[in-house]
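Fancy a bit of practice reading a protein model? Have a look at what is shown here, then try the exercises before peeking at the solutions.

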Amino acid sequence: MNSEKRFIGTFEKGSSLWGDAWVRLSKNKLALAGLGLVIFFCGVSFLTPWIAPYGYEEQNLVLGASPPSSQHLMGTDIFGRDLLTRIMYGGRISLFVGFIATAVALVIGISWGAIAGYLGGRVDAFMMRVVDILYALPFMIFIILLMVVFGRNILLLFFAIGAVEWLTMARIVRGQVMSLRKQEFVESAYAMGLPRHIIIIRHIVPNALGPIIVYATLTIPNVMLLEAFLSFLGLGIQPPQSSWGLLINYGVETMEEYPWLLIFPGLALSLTLFALNFLGDGLRDALDPRTSID
Amino acid sequence: MLRFALGRILQAIPVLLAVITITFLLVHSAPGGPFSADKAVPPEVLIALEAQYKLDLPLWQQYSGYLGDVLRGDFGPSFKYPGRTVNELIATGFPVTAELGIYAMLVAISIGVIAGVLAAVRPNSIQDYVPMSLAMIGICMPSFLLGPLLVLFFGIYLEWLPISGWNNMPGDKILPAITLGTGYAAYVARLTRGGMIEVLSQDYIRTARAKGLPEFLIVFKHGLRGGLIPVVAFLGPAFAGMLGGSFVVETIFDIPGLGRFYVQAAFNRDYTMILGTTVFFAGLIIIFNIISDILAMWMNPRLQSKTHGPEK
Amino acid sequence: MLEVKNLKIYFHTRNGITKAVDDVSFSLNAGETLAIVGESGSGKSVICHAIMDLLEKPPARIESGSITLGGENIFDCTKQRMRQLRGNDIGMIFQDPMTSLNPNLTIGEQLIEPLIYHSDPDKRIGRRDSRLRAIGLLSEVGIPDAKNRIDNFPHQFSGGMRQRVMIAMALIGEPRLLICDEPTTALDVTVQTQILELIKKLQAKQRVGIIFVSHDLGVVAGIADKVLVLCDGVAMESGKTEDIFYKTKSQYTRSLLEAIPSGGKPGKEFVATGTPLVETSNLSIIFNGGSGSGESDVKAVDDISLQIYPGEILGLVGESGSGKSTLGRSILRLIPPQKGKVIFEGNDLTNLSHSELIRFRRKMQMIFQDPYASLNPRMTIYQTLAEPMLHHGMAKQEDALEKVLQLMDEVGLEHRHIHKYPHEFSGGQRQRIAIGRAISIKPDFIVADEPVSALDVTIQSQILGLIMNLVERHKITMLFISHDLSVVRSVTDRVAVMKSGRVIEDGKTEQLWQIPQDAYTKELLKSIPIADPRSERRRLLMNRNKKKGSDF
């Protein structure tokens with residue numbers, strides 16, 4: 001159209017809140033380093049079958065446990081298996097559990113919280129009471145019980161961990177939705193006569209997204225920790241599969257003679273947790289509306 | 001206030017009942033009977049054993065019987081340690097776990113609150129960065145990694161402290177308490193910092209400054225009370241987490257506590273022990289959640305007076 | 001007593017330097033009141049905080065100048081000495097009594113702590129003596145039953161009572177200088193009068209010098225001996241109150257005075273014809289306190305029947321908590337009523353479902369008080385303005401841009417800002433966007449809920465002008481809700497006065513102003529400060545005499 005040609009050259013570009021948040025995040029070096037590390041670990045895990053220096057089951061009984069060398073950058077275990085390779089394969093499982101269980105928690109938590117927050121009233125009271133009661137349950141013990149009773153099954157592990165972590169998500173989402181519903185811009189969208197789905201998609205969801213992203217980022221390390229904890233106790237991932245928790249468990253058994261078997265898996269786990277936590281903290285600072293005012 | 005406490009306690013009853021029921025059903029739905037893992041038990045012995053442990057009764061009778069026993073405080077006999085009851089095992093293990101938990105909690109609260117307040121008083125300075133970086137390390141260093149590393153360093157290389165046992169040698173409680181407490185100290189520090197920064201930016205802190213009060217009074221009298229509310233609310237979950245953490249710490253340091261019994265019971269499939277300890281733990285956690293809720297409530301006068309005295 | 005000389009305070013931020021206070025000088029004698037007047041961002045609060053040494057440094061930095069209190073330069077004081085000054089010689093009252101008291105401590109504890117923990121050990125008093133002094137002071141500032149109330153927590157007091165507590169707290173060290181930073185802005189108009197009275201009374205008794213910061217020239221006219229007018233950190237004018245008002249020198253002061261709404265709505269009197277466009281009959285809305293919380297139900301709107309005729313502007317006035325906003329929202333069915341009916345163009349809206357309502361939504365719109373909150377922060381102006389038009393078929397994708405630009409012309413926004421987000425605008429501009437959105441779908445009826453209350457007085461008059469202009473041009477009927485009686489008088493044809501959920505009086509605006517019937521309406525009207533020193537002082541005097549008369 002004519003009018004468009006006439007005006008377009010003089011329009012100034014605005015800076016959206018997402019854009020502002022990105023600018024703030026990119027100034028936070030720790031968070032960026034965290035993001036870089038997370039991407040790196042995910043990439044390595046994804047490519048492990050192709051880039052791992054040795055085969056997962058490849059043993060070298062003659063070599064036995066050997067300290068780090070140019071052949072084996074992180075040394076080998078008592079069967080002469082390359083530790084770097086095992087850490088890479090273990091990371092696949094650990095990260096996989098972390099992301100999938102978080103996704104489970106997200107899906108349940110968001111739906112539950114959003115429905116409760118949006119409908120409000122009695123439905124909300126009932127749904128939140130359910131969450132309260134579940135909160136009071138000793139979940140750690142339940143997970144152990146589940147793993148004992150039904151055997152150590154990775155699917156069950158997803159389910160069990162997801163079932164714990166969704167509670168907080170539901171509370172956060174509900175709080176967001178409740179407070180957004182009272183916001184005047186949502187009220188004015190109602191007054192505009194916009195249909196419900198438009199109000200939800202255009203006015204509520206984009207504004208509730210920030211805290212959800214932050215919490216999701218911080219849930220992943222929690223989940224990974226839980227998995228490692230269970231695996232360490234021998235109640236999580238089972239051999240021949242491996243995870244960082246399990247590797248740390250093996251490392252502890254022989255740490256006096258072969259400390260590298262403890263230190264490297266521990267380092268891998270801690271670094272990943274670091275990266276995710278720094279990224280989560282950075283996202284929180286970047287997305288916090290209070291810092292976006294000036 | 002009283003009504004709130006009473007309400008919370010009443011609420012806890014169905015939760016506890018649910019825990020007992022779910023645990024009971026879970027344990028009894030386990031594939032394979034409790035004795036099937038043992039090698040070649042003669043059938044007649046098996047029947048006798050099942051009769052002894054009332055496993056031949058219908059499930060609902062077992063359940064109601066168990067419920068009655070639990071209400072009377074009787075968790076029944078252990079499957080794996082013939083002649084010993086679950087109550088005895090809990091009575092032996094729990095004092096040790098409780099002592100460990102108290103030390104760990106002391107470590108968590110004292111270090112956490114001090115670090116958090118230091119950081120909040122001067123945010124974005126060295127005084128903030130150092131404790132908060134340490135807190136981050138504490139969070140990213142789970143107990144099952146920190147414990148062995150501490151053992152390796154202080155126990156094996158430096159030979160300063162004993163590496164296992166409980167009450168056998170002087171100083172053998174230090175490493176377990178630190179191992180269990182550190183992660184929570186880190187959480188407490190972060191919560192304290194957040195709460196304090198929030199409170200210290202309130203208008204009423206400016207009012208206190210305008211009154212010419214000394215800075216320590218502003219921080220500790222006007223700030224700390226509000227700033228610690230999130231910490232107090234966290235104590236309930238922290239307690240629950242520490243119970244879980246005690247499984248690992250007691251295993252690492254070879255401490256004869258309830259946590260280790262529980263893990264052993266899990267591996268031995270000692271069902272009555274699992275059932276009893278779970279119910280016991282659940283009860284404890286619920287009680288601590290109530291206490292922490294009530295404390296948080298008590299610290300906030302606005303919520304406190306909702307139940308008594310009219311607002312004007 | 002207090003002398004501020006060539007004070008320059010700059011804020012150093014990442015985005016550059018802001019000159020918050022730029023070469024300001026003034027002085028104050030004992031027993032005198034100096035008003036510092038200015039709009040938001042003029043630096044008036046910064047000066048107060050500088051005197052108290054409460055500025056956050058950084059970002060603030062004192063570039064030059066001096067503040068001397070009784071011959072002592074504040075900038076040379078040690079921290080220790082400064083604390084003594086704050087507890088003893090300077091007291092301060094803040095704007096919001098709701099947030100300025102510590103909710104976790106009793107008011108008694110907060111009152112006595114500067115005495116007990118005084119930084120000068122010789123001046124410390126024991127707990128018991130301080131408590132007696134605090135009780136005495138509380139009664140003096142008008143807290144009934146001070147002996148018992150001293151152990152209450154702040155939330156157990158109303159806003160006005162809390163501000164009295166704040167005043168007692170500021171005066172407990174018997175200061176020479178009292179700084180009042182917008183002390184009545186957060187209060188209702190009737191309470192404001194009482195608080196101003198109290199400050200005046202205490203000043204006469206204790207002979208304190210007062211710095212009174214305010215944006216409200218009406219309040220200033222009554223209370224100040226001298227006035228300093230600030231704009232963007234620069235002193236525009238200073239002098240005796242009478243001179244500022246009657247012999248105004250600066251152009252800026254004049255614009256401030258002219259922006260104050262005065263008198264009634266211009267143009268000829270509105271005559272209602274035909275059937276009402278909007279009508280409520282026996283409308284009631286009850287908020288329940290929530291079961292178990294121990295709070296009783298609140299009747300926010302109690303059996304209200306109102307008619308608004310086509311083309312009419314009905315004012316709805318009342319103090320906070322009177323239910324005026326709830327009524328406005330329920331007419332638009334944003335809050336469902338429990339009892340009664342809302343009738344629009346003869347259609348009963350009360351029982352319509354969400355989808356049935358959409359048909360009527362196009363014809364009735366709302367303008368909110370807070371332009372920060374009423375715009376979606378993640379949508380550009382274009383998206384905000386185009387969305388309702390596209391949705392109601394008033395524009396198509398192809399001509400939406402054109403229509404939005406037209407709309408921006410109409411509400412006085414520059415075209416080049418079309419792709420910007422709300423946070424990139426000032427409050428006044430944001431309110432223009434919100435108004436543009438409300439008129440974008442050409443409604444017949446608009447509820448304006450305190451549309452100018454969050455704005456500075458000069459912006460306020462511009463926005464009021466814009467609203468009146470649009471109302472006239474588009475023949476819009478309006479419900480204008482406000483707590484500001486002068487604003488309501490200047491724009492409405494008819495006024496309804498609300499108190500505790502009920503309409504206690506309604507009538508033609510000018511008639512109501514001249515001969516109010518209800519006692520509460522009379523009190524409200526008498527509480528309005530007048531931006532004219534002589535009339536304002538006469539008003540205060542009359543109020544005082546009236547009160548004395550009724551007391552005995």
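Below are two exercises on this predicted model, each followed by a worked solution.

**Exercise 1.** Work out how many disulfides there are over all chains, and check C77(C) and C231(C) along the way.

*Solution.*
- Start with the cut-off: a disulfide needs two cysteine sulfur atoms within 2.5 Å.
- Now take C77(C). Its nearest cysteine sulfur belongs to C48(C) and is 18 Å away, so by the 2.5 Å cut-off C77(C) is in no disulfide.
- Next comes C231(C). Its closest cysteine sulfur is also in C48(C), and because that is 17 Å off, it's too far for a bond.
- The total over all chains is 0 disulfides.
- One extra: are these two cysteines buried or exposed? Buried means under 20% relative accessible area. C77(C) has 17% relative accessibility, so it counts as buried. C231(C) has 18%, so it is buried too.

**Exercise 2.** Describe how helix α1 (residues 2–28) of chain B packs with helix α12 (residues 271–298) of chain B.

*Solution.*
- What do we need? Two packed helices are described by the angle between their axes and the distance between the axes.
- Here the axes come within 10 Å and cross at roughly 160°.
- Angles over 145 degrees count as roughly antiparallel, so that's what α1(B) is to α12(B).
- For handedness, α1(B) passes α12(B) in a right-handed crossing.
- Who touches whom? The contact includes F4(B), L16(B) and V27(B) from α1(B), and Y271(B), G283(B) and M297(B) from α12(B).
- Finally, sort the contact residues by type: 18 are nonpolar, 4 polar and 2 charged.

Notes:
Residues are numbered from 1 along each chain as its sequence is written. Chains are lettered from A and ligands numbered from 1 in the order in which they are written. This is a predicted model: local features need pLDDT of at least 70, side-chain atom pairs count only at pLDDT 80 or more; totals for chains, interfaces and linings use all residues. Side-chain values use heavy atoms; hydrogens and water are left out. Buried means under 20% relative accessible area, exposed over 50%, partly exposed in between (1.4 Å probe, protein chains only). Axes are lines fitted to C-alpha atoms, for helices over the stretch in contact, and angles run from 0 to 180 degrees between N-to-C directions. Helices (H or I, at least four residues) and strands (E, at least two) are DSSP runs, numbered from the N terminus. Angles under 35 degrees count as roughly parallel, over 145 as roughly antiparallel, 65 to 115 as roughly perpendicular and the rest as oblique. A crossing is left-handed if the near helix is turned anticlockwise from the far one by less than a right angle, and right-handed if clockwise. Contact means heavy atoms within 4.5 Å. Ala, Val, Leu, Ile, Met, Phe, Trp, Tyr, Cys and Pro count as nonpolar, Asp, Glu, Lys and Arg as charged, and the others, Gly among them, as polar.
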